[in-house]
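Q: Please take a close look at a single part of this model, one charged residue and what surrounds it, and then place it among the other pairings and helices of the chain.

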Amino acid sequence: MAELGRRGDPTPYAERVLDLVERIPPGRVMSYGDVAEYLGEGGPRQVGRVMSVWGGGVPWWRVVRADGTPPSCHERRCLDHWREESTPLRGGRADMRLARWDGHPQVAGGSGKRPPSPERDR
């Protein structure tokens, strides 16, 4: 994986993270680990670093810890965004069972979950 660099221009890895975060639909979330797994590179800490350095221009509130808690020191603003977007909540955290997005485009009225696969469902 490429170095994350400093506060200058985002690295190619950071650009891939930010691009994915921009595609998370309103009302949905991904964990830091989900983002890394989807991209097939890095890990939760690397994604967190990208978000802390360059994430201000993307919907950062849609990237959370694995337990659904918002980024540290941004809880109040995050909750405001979640309420505005009707993100499923469990107390002060995103309900990961209902709000998690798997990275696949949403079908109108759909859940954003992967459609059943005949091979997978045998």
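**A buried charged pair and its setting**

A: Arg62 counts as buried, at 8% relative accessibility. The model is a predicted one, and in it the side chain of Arg62 meets that of Glu85 in a salt bridge, with N and O 2.5 Å apart. Because Glu85 lies in helix H4 while Arg62 lies in the loop between helix H3 (44-54) and strand S2 (63-64), the pair ties together parts that are 23 residues apart in sequence. Glu85 counts as buried as well, because its relative accessibility is 17% and the limit for burial is under 20%.

The surroundings of Glu85 extend beyond this pairing. Its side chain also reaches the backbone nitrogen of Gly27, at 3.1 Å. When neighbours within four places in sequence are left aside, the residues in contact with Glu85 are Pro26, Gly27, Trp61 and Arg62. Trp61, one of these contacts, is itself buried, as is Trp60. The structure holds one aromatic pair, and the rings of Trp60 and Trp61 form it with centres 5.6 Å apart and planes at 85°, so the arrangement is edge-to-face.

Helix H4, which spans residues 75-85, is the element that carries Glu85. Along H4, the buried residues are Cys78, Leu79, Trp82 and Glu85. These residues cover an arc of only 130° around the axis, which means that they sit on the same side of H4. On the other side of the helix, Arg76, Arg83 and Glu84 are exposed. The cover over the buried residues of H4 includes S2, strand S3 (89-90) and S4. After H4 comes Ser86, whose phi is positive, near 60°.

The pairing of Arg62 and Glu85 can be set beside others, for a search of the whole structure finds five salt bridges. One of them joins Arg93 and Asp67, whose closest N and O atoms are 3.6 Å apart. Here Arg93 lies in strand S4 (residues 93-94) and Asp67 in the loop between S2 and H4, so this pair ties together parts that are 26 residues apart in sequence. Arg93 counts as partly exposed, at 33% relative accessibility, and Asp67 counts as partly exposed too, at 39%.

Another of the salt bridges is formed within one helix, where the side chains of Arg23 and Asp19 meet at 3.4 Å, N to O. Both residues lie in helix H1 (residues 12-23), four residues apart, about one turn of the helix. Arg23 has a relative accessibility of 40% and counts as partly exposed, while Asp19, with a relative accessible area of 37%, is likewise partly exposed.

Helix H2 (residues 32-39) offers a further view of burial, since Tyr32, Asp34, Val35 and Ala36 are buried there. The buried residues of H2 pack against H1, strand S1 (30-31), H3, S2 and helix H5 (96-99). H2 is followed by Gly40, where phi is positive, near 75°.

To return to the residue at the start, Arg62 is buried at 8% relative accessibility, and its salt-bridge partner Glu85 is buried at 17%.

Terms used
Residues are numbered from 1 along each chain as its sequence is written. This is a predicted model: local features need pLDDT of at least 70, side-chain atom pairs count only at pLDDT 80 or more; totals for chains, interfaces and linings use all residues. Side-chain values use heavy atoms; hydrogens and water are left out. Helices (H or I, at least four residues) and strands (E, at least two) are DSSP runs, numbered from the N terminus. Buried means under 20% relative accessible area, exposed over 50%, partly exposed in between (1.4 Å probe, protein chains only). A polar contact is a pair of N or O atoms within 3.5 Å; within protein, one must be able to donate a hydrogen and the other to accept it, and residues adjacent in sequence count only if both atoms are side-chain atoms. Contact means heavy atoms within 4.5 Å. A salt bridge is a side-chain nitrogen of Lys or Arg within 4 Å of a carboxyl oxygen of Asp or Glu. Rings of Phe, Tyr and Trp (its six-membered ring) pair if their centres lie within 6.5 Å; planes under 30 degrees apart count as stacked, over 60 as edge-to-face and the rest as tilted. The arc is that of the directions from the helix axis to the C-beta atoms.
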